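Ready for a few short exercises on reading a protein structure? Take a look at what is shown below, then work through the tasks one step at a time.

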Amino acid sequence: MRRDGRIVNAMSVDVEEHFQVQALAGRVSRDQWDGLESRVEANTGRVLDLFARHGVTATFFTLGWIAERHPGLIRRIVAEGHELASHGWAHHLVTSQTPEQFRADVRQTKALLEDIGGVAVRGYRAATFSVCPSTLWALGILEEEGYAYSSSIFPVHHDLYGMPDAPRFAFHPLPGRAFIEYPMTTLRLAGRNLPCGGGGYFRLLPLALFRAALSRIQASESQPGIFYFHPWEIDPDQPRFDGLPLKSRFRHYVNLDRMAGKLDRLLGAFAWDRLDRVFGVAPQGDPPAPRRPSADRAVS
């Protein structure tokens, strides 16, 4: 997809609370969530305002847990022209779920998002990019449950996630099926895949490096990038949790005060749109009925 001669990149937001991230999982249990201060609606509102100023529409991968508690936010996302997509129910890693649990999770989330938003939910992103070699079966379940695509694989080495041998750009993981995986963007350099798709890397590294990496991918490989971040990343005033390991504290809190400004400049430097439009996924319309499970579609 091109606009004014420029390749259009996919902008995405993983909608979750500041206390729901994997870096805090050892400190904050799920049974504490409802008792903690909610900041997601205000933070996502700031993101929506920022996108509106730049004329950007994006894909919002949203937790069912969030949608259940903030239905007005879901309606605003849809009303302002963004794509509504699934981030699972409560940020469970796919690696922590059985196939049966995963199916129930993505089915419940899709149904609620579609009920509130009034549009079909076509996309899914796993919590912490937890689709990896041991959980590829999840992609077959997504296809059976009516999803058209996933953006859940990060082809890098990382201590929490990663599938470095996966294709770097869009591919069909299910033989003979239309379902597509859109991996997170990486730059191939010196025989390694380097992450340049956003998140904590974007907060940590200079903006110039991200701009150079994305420009190189577009120029040398004629591919759009996929960028992601979380609403809590533009919230430097969020409550701080004590007792975190140094690595977790660094990952979650580094450069929160710089994120909004860097994001503002990034939005102005490239062309952006929602993931389904960038890649030509069937448009959102009335919610479809899920496909019936079939054993021959399972991914091994």
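The exercises below go from the whole chain to a helix, a strand residue and two loop residues.

This is a predicted model, in which local features need pLDDT of at least 70 and side-chain atom pairs count only at pLDDT 80 or more, while totals for chains, interfaces and linings use all residues. Residues are numbered from 1 along each chain as its sequence is written, and side-chain values use heavy atoms, with hydrogens and water left out.

**Exercise 1. The whole chain**

Find out how the radius of gyration of the chain agrees with that of a compact globule.

Step 1: The radius of gyration is taken over C-alpha atoms, and the globule rule is 2.2 Å times the number of residues to the power 0.38.
Step 2: For 300 residues the rule gives a value near 19 Å, and the chain has 18 Å, which agrees.
Step 3: Along the principal axes, the C-alpha atoms fill a box of roughly 50 × 45 × 40 Å.
Step 4: Buried residues make up 58% of the 300; buried means under 20% relative accessible area, exposed over 50%, and partly exposed in between (1.4 Å probe, protein chains only).
Step 5: The chain has ten helices and eleven strands. Helices (H or I, at least four residues) and strands (E, at least two) are DSSP runs, numbered from the N terminus.

**Exercise 2. Helix α7**

Work out where the buried residues of α7 lie around its axis.

Step 1: Helix α7 covers residues 207-221, and its 15 residues reach 21 Å from the first C-alpha to the last, close to the 21 Å expected. The expected span is 1.5 Å times one less than the number of residues.
Step 2: The buried residues of α7 are L207, F210, A213, L214, I217 and Q218.
Step 3: Down the axis of α7, these buried residues fall within an arc of 135 degrees, so they line one face of the helix. The arc is that of the directions from the helix axis to the C-beta atoms.
Step 4: A general rule helps here: an α-helix has 3.6 residues a turn, so residues three or four places apart point the same way.
Step 5: A208, A219 and S220 are exposed on the other side of α7.
Step 6: The cover over the buried residues of α7 includes β2 (6-15), α6 (200-204) and α9 (256-269).

**Exercise 3. Residue T59**

Which side chain shares a polar contact with the side chain of T59?

Step 1: Locate T59 in strand β3, residues 59-62.
Step 2: T59 counts as buried, because its relative accessibility is 0%.
Step 3: The side chain of T59 makes a polar contact of 2.5 Å with that of E83. A polar contact is a pair of N or O atoms within 3.5 Å; within protein, one must be able to donate a hydrogen and the other to accept it, and residues adjacent in sequence count only if both atoms are side-chain atoms.
Step 4: The T59 side chain also reaches the backbone nitrogen of L275, at 2.8 Å.

**Exercise 4. Two loop residues**

Decide whether D4 is buried or exposed, and do likewise for N255.

Step 1: D4 is in the loop between β1 (2-3) and β2, and N255 is in the loop between α8 (246-253) and α9.
Step 2: D4 is not a glycine, yet has a positive phi of about 55 degrees; for N255, phi is near 55 degrees.
Step 3: D4 is exposed, with a relative accessible area of 76%, whereas N255 is buried, at 18%.

Technical notes: Contact = heavy atoms within 4.5 Å.
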